[in-house]
Each structure stands twice: as structure tokens, then as C-alpha cells.
Amino acid sequence: MHIIIQLSRRLIRMRKSVLAFTALLFIMLSSGIAYALEPNTFGHWFNALYWVLTTMATVGYGDYFMESIPGKLFTIFLYIFGIGLLSLIIGKIIDSMGEYNRRRDAGKLSYSGQGHIIIINWSKKAHYAIDELFSSNPKLDILIIDQLEKHPYDHPQVHYVKGDPTREETLLQASIATAQSAIIFADSRIDDASLVDGKSLLVASSIERTAPQVHTTVEIMLENHIQNFRHVHINEFVLSHDAISRLAVRSALHEGNNDIINQLLNRRYGEDLFQVEVRPQWHTYGDAFHALLAEGATLISDRNDMTINRKLDRPIPAEAKLFVLCDDATHLRIKVNYANELQ
């Protein structure tokens, strides 16, 4: 018993990989010993392995059992030591799962996926952004970077990295190089708007230095800081209070205007903006406009140029990115039709 207690203490202090190897070796050796003690009872080694596993797991169906004195002594040994070893392994597995969840909640795990969207600085706006992203693509992976003590959004597809987003190691932990895009929200914990934009600019510069190919969108507090962000090649920027003010004015001057804009801002209902592929048979904007209209979509822009409906006779440039206004079902039908044309 003293020997067994000492062995158990050593097993508890073992690394998980060493413990797993020890358990496997113990099972193999025990199966060999059981078969050597009573070969007629088991017939072949695999039945002995089956008996060892059922004994260690306390299942004990009784289809095989030791009959000799040495065999019964060995069975007692398996009861005392083997069951304890298996319990220890199960405990280690449960502890590892708990440790993984604790590290995940604390933002200490590195993300190894790709095609994800990174959201930097947690706030109510970031929460709404995640809800909107999931309404657009429920299978999307999202990663939050902040310095909170706990994961702020409990969802299996939302990952969390705790750290300073201006530091390269934090961005690498979030797999910034394989991300689809990054959204930098203004840090609501800072009172001074200039300091808020200063932090956002530092984060944007770090992303540009580490992964310049990632599409970056930044929330900016002060309009006079826009040029600073253009200098670091930000793809898109949003003025924090500008949209709310403009919506309020439009609502006051033109009743019902907000309903149209809210449809464009919310993917959960109504029409939305989608990009469509330029088809080879479309030579002018007019060709694209009438073809898309026949499929239930309205062509409204080429990139940020919303005047193309007044120049339908002009040829579509090679670098064109066409955007239409339609619902999800229509956009899906357009994509399917285009795929069929390519086949």
C-alpha cells in the first residue's frame, strides 16, 4: 500500500503527456500479464485487453474473470491502482478543459483561424456591431481585442484576446495577418476626444505596419483628424457623432427618410447594399443596370460613385466594383445565376 501511495503521488505530479503515456503502457502491460496468467480464460490477448479496460472502468460485465489465486490477486491490484490511475486521467482531462475555459475567458489564448473580423475596444457599439455581423453571416468568426478582465461576449464564434492593440504581439495573437478586416471603435473610457482619436490612430498605425493588407475601418471623434488617418492609409472611417446628427436633421426635414436609411443600416430587415460581379456581356453601365433590374436589383454605384445612373452609356471600367440595392434572396439568386453562366 505504501508503494502504491508513493506511485500515486508521483503520477499526480507528472506532466499530462507523460501521464498519458504511462497509462497506455500500464494498460498494455496489464493486458499482457492477465493473458500470461490465464491464457485459457481469455483465449487471446485482445480479450485480456478488453477485460483490463472494463475492470479499470468499473463496468465489469462478468463475461471474463480470473479464476486462479494469482489472477485474483492481480485483479485486486487493478481495482486499487488501475481504477485510481483512470480516475486521475479523467480528472486531468476535466482540469485541462477547465483551464482552457479559464484562459479563453481571460483572453490569454492565441487565435489560429483566418477570415475573421477583429473588433478593437469593447463598448455598446461594438456589441451592436457583432449582432449585426451575425445577422449578416451567422458562421462568421469574430475576435475582440481589449483589456477587460473577462470575455465580454459569450458566444462560441466570438474569441477574445486581452492586450494592448497598439502592440504587435497582441495583434499577432489575434492572427491579424489572416483577418478579413478590422474595426477600431473609439475608446469610450477616455474623456478627451483628441486623446481618443490619438489612441485609435496608434492602433491603426500598428495594424498598417503589421498587416497592411487588412481592410481597416476606424471610428473618429473629431472631423479635423480625418487627414491624420488618411496618412496611415485607413480604408474607411466613420465620424462618431456625424451620422446621428444627420439622421436627426433628415428626420425633422423629410418624414419617413429615416426608415429608408435604417433599412440600409440594419441587415435584419428590408433592402440592403450588396456587391455584384461584373459579367462579361455587360459593356456599359446601362447594360448592367437593365440586366440587374430584370433580376429585381437596382444598380446604384460603382465603388463610391453614385452618379452612374446619369451616365448609363459609359463603358464599365476594368476595376469597377458595382453595388446594388436588393434583399438577401435576390442577391443570392443573382450570385447563383452568375455561377451558372460561368459553367
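These are my notebook entries on salt bridges, a nonpolar core and one helix residue in this predicted model.

**Entry 1: overall numbers**

I started with the whole chain. The protein has 343 residues, and 37% of them count as buried. Its secondary structure comes to 13 helices and 9 strands. I then looked up the accessible surface, which comes to about 20,400 Å². Carbon and sulfur atoms hold 58% of that surface. For contacts between residues at least 6 apart in sequence, I noted that 59% join residues at least 24 apart.

**Entry 2: salt bridges**

How many salt bridges are there? The count comes to 9. I went through some of them one by one.

E219 pairs with K125, and the closest N and O atoms sit 2.5 Å apart. This one links distant parts of the chain, since the two residues are 94 apart in sequence. I found E219 in strand β5 (residues 215-220) and K125 in helix α6 (residues 124-136). Is each partner buried or exposed? E219 has a relative accessible area of 8%, so I log E219 as buried. K125 is at 37%, so K125 goes down as partly exposed.

Next I looked at D146 and R189, a salt bridge with 2.9 Å between the closest N and O atoms. D146 belongs to strand β2 (residues 142-146), while R189 is in the loop between β4 (181-184) and α8 (193-210), so this pair ties together parts of the chain 43 residues apart in sequence. D146 is buried because its relative accessibility is just 1%, where the cut-off is under 20%. R189, at 45%, is partly exposed. The pair also belongs to something wider: D146, D187, R189 and K199 are linked in a network of salt bridges.

My last one was K311 with D305, at 2.7 Å from N to O. Which side of the 20% cut-off does each fall on? K311 is at 16% relative accessibility and therefore buried. D305 is at 22%, so D305 counts as partly exposed.

A reminder to myself on the background: side chains of opposite charge can pair when their charged atoms come close.

**Entry 3: the largest nonpolar core**

I moved on to the nonpolar residues. The largest nonpolar core has 24 residues. Which of them have the most contacts inside it? They are I118, I145 and I207. I also checked where the core residues come from: β1 (117-120), β2, β4, α8, β5 and α9 (226-231) each supply at least two. Helix α8 gives the most, with 3 residues.

I picked I207 for a closer look at its neighbours. Leaving out residues within four places in sequence, I207 is in contact with I120, L171, I176, A182, I184, P212 and T216.

The general picture I keep in mind here is that nonpolar side chains tend to be buried together in soluble globular proteins.

**Entry 4: T330**

One more residue before closing the notebook. I located T330 in helix α13, which covers residues 328-342. Is T330 buried or exposed? Its relative accessibility is 8%, so I mark T330 as buried. What does T330 touch, once residues up to four places away in sequence are set aside? I get E295, G296 and A297.

Conventions:
Residues are numbered from 1 along each chain as its sequence is written. This is a predicted model: local features need pLDDT of at least 70, side-chain atom pairs count only at pLDDT 80 or more; totals for chains, interfaces and linings use all residues. Side-chain values use heavy atoms; hydrogens and water are left out. A salt bridge is a side-chain nitrogen of Lys or Arg within 4 Å of a carboxyl oxygen of Asp or Glu. Helices (H or I, at least four residues) and strands (E, at least two) are DSSP runs, numbered from the N terminus. Buried means under 20% relative accessible area, exposed over 50%, partly exposed in between (1.4 Å probe, protein chains only). A nonpolar core is a set of buried Ala, Val, Leu, Ile, Met, Phe, Trp, Tyr and Cys residues joined through side-chain atoms within 4.5 Å. Contact means heavy atoms within 4.5 Å. Accessible areas come from the Shrake-Rupley method with a 1.4 Å probe; for residues, only the protein chains shown count as cover.
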